[in-house]
Structure formats: structure tokens, C-alpha cells
Amino acid sequence: MAYLTINGVDCSKYVSILKVGKEQKFQGRESAAGNLMVKAINSKYIIEVGFRAMFADEMAVLYPLIDKLTVKVAFRHPQTGALTTCNCVLTKTLLEYYTIQADGDIIYKPFSVQFNQM
């Protein structure tokens, strides 16, 4: 079962860690009687994905998917277990070359990216 897709491509086999959070925005005000009134404005998902170490051919598949400002992410919802899809902004990507082998193979270190729902 896929638990992470980016722009429709199943990326589950590259994932080592998947963190799903929710950021909620509220508006609070005090009534004339002194009671605090809170109104929910919106909530947005924050998805942090840790990718495992990869060879160059694997990175060639993944990198075009995360080399965009906005992407469509589907992730396994922690409550329902179903895939939940949302449009996201990619806020953090930092790739690091781990080693370049004598035979020319390139290996990338594990890295993480963060998606924020728009």
C-alpha cells in the first residue's frame, strides 16, 4: 500500500520517516462580559518526510518531484489510514552527496523535506 505519493508518483519505497502534523489558526477575543471567545479560522497539514540514502538512479526519479515550489502530496492519514491528498508548498530541501565511489556510483545521504498545505 502506498503511504506517500508526490504528484501522483508513489514514493513510499524511498521513505524512512513520515511525520504528519496539523497547524491550527484561531482568532480569540474577549466579550463585554470578560469571557474569552475562540473561533477556529483554518487548519493545515504539515508533512515532514525523511528519505533514506539513495543511489543516483533513484534520486533521478525522486528529484524532479521535489524540485518544485508546489506539489500535490497524498499521505497516509494517521486517524483513518486512508490516503489524504492536499496541495502543498515545499519549504525545505537540502541534498547532500554522501560518497562518490571509485566506479562512479554516487550515493546521497538520507535527507528530509517539509511540505506545508496551501
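**Strands, loops and a lone salt bridge**

Asn 42 sits in strand S4, which covers residues 36-51. This is a predicted model, so a word on confidence comes early: pLDDT is the predictor's own confidence in each residue, on a scale from 0 to 100. The protein chain averages a pLDDT of 88, and 98% of the residues score at least 70. Among the elements of the chain, strand S2 (residues 9-10) comes out with the highest mean, 95, while strand S8 (residues 97-100) has the lowest, at 70. As a rule of thumb, where pLDDT is low, the predicted coordinates should not be read in detail.

Back to Asn 42. With a relative accessible area of 33%, Asn 42 counts as partly exposed, because that value falls between the 20% and 50% cut-offs. Setting aside residues up to four places away in sequence, Asn 42 touches Glu 23, Gln 24 and Lys 25. Ala 82 is another matter: Asn 42 and Ala 82 are 40 residues apart along the chain, and their C-alpha atoms are separated by 22 Å.

Strand S4 also holds Gly 50. Gly 50 is buried, because its relative accessible area of 10% is under 20%. Beyond its neighbours within four places in sequence, Gly 50 is in contact with Tyr 14, Val 15, Ser 16 and Ile 17, and also with Phe 111 and Ser 112. Measuring C-alpha to C-alpha, Gly 50 and Cys 88 are 16 Å apart in space, with their positions 38 residues apart in sequence.

On the surface, Phe 26, Leu 36 and Val 38 make up a nonpolar patch, and together they offer about 350 Å² of accessible area. Phe 26 belongs to strand S3, residues 15-30.

The loops have their own points to look at. His 77 is found in the loop between strand S6 (70-76) and strand S7 (83-93). At 13% relative accessible area, His 77 is buried. The side chain of His 77 reaches the backbone nitrogen of Gln 79 at 3.0 Å. Not counting residues up to four places away in sequence, the residues that His 77 touches are Tyr 45, Ala 82 and Thr 84.

Ser 12 shows a side-chain-to-backbone link too, this time in the loop between S2 and S3. The Ser 12 side chain gets to the backbone nitrogen of Tyr 3 at 2.9 Å. With neighbours within four places in sequence left aside, Ser 12 is in contact with Met 1, Ala 2, Tyr 3 and Leu 4. Ser 12 counts as buried, at 9% relative accessibility.

Asn 7 lies in the loop between strand S1 (4-6) and S2. Its backbone is worth a glance: phi of Asn 7 is near 50°, a positive value in a residue other than glycine. Asn 7 is partly exposed, with a relative accessible area of 34%.

As for charge pairing, the count comes to one salt bridge. The side chains of Glu 58 and Arg 52 meet there, at 2.8 Å from N to O. The two partners fall into separate burial classes, because the line for buried is drawn at under 20%: Glu 58 is buried at 18% relative accessible area, whereas Arg 52 counts as partly exposed at 27%.

Methods:
Residues are numbered from 1 along each chain as its sequence is written. This is a predicted model: local features need pLDDT of at least 70, side-chain atom pairs count only at pLDDT 80 or more; totals for chains, interfaces and linings use all residues. Side-chain values use heavy atoms; hydrogens and water are left out. Patches are made of residues with over 30% relative accessible area and no salt bridge: like charges are joined within 9 Å, nonpolar side chains (Val, Leu, Ile, Met, Phe, Trp, Tyr) within 5 Å. Accessible areas come from the Shrake-Rupley method with a 1.4 Å probe; for residues, only the protein chains shown count as cover. A salt bridge is a side-chain nitrogen of Lys or Arg within 4 Å of a carboxyl oxygen of Asp or Glu. Helices (H or I, at least four residues) and strands (E, at least two) are DSSP runs, numbered from the N terminus. Buried means under 20% relative accessible area, exposed over 50%, partly exposed in between (1.4 Å probe, protein chains only). Contact means heavy atoms within 4.5 Å. A polar contact is a pair of N or O atoms within 3.5 Å; within protein, one must be able to donate a hydrogen and the other to accept it, and residues adjacent in sequence count only if both atoms are side-chain atoms.
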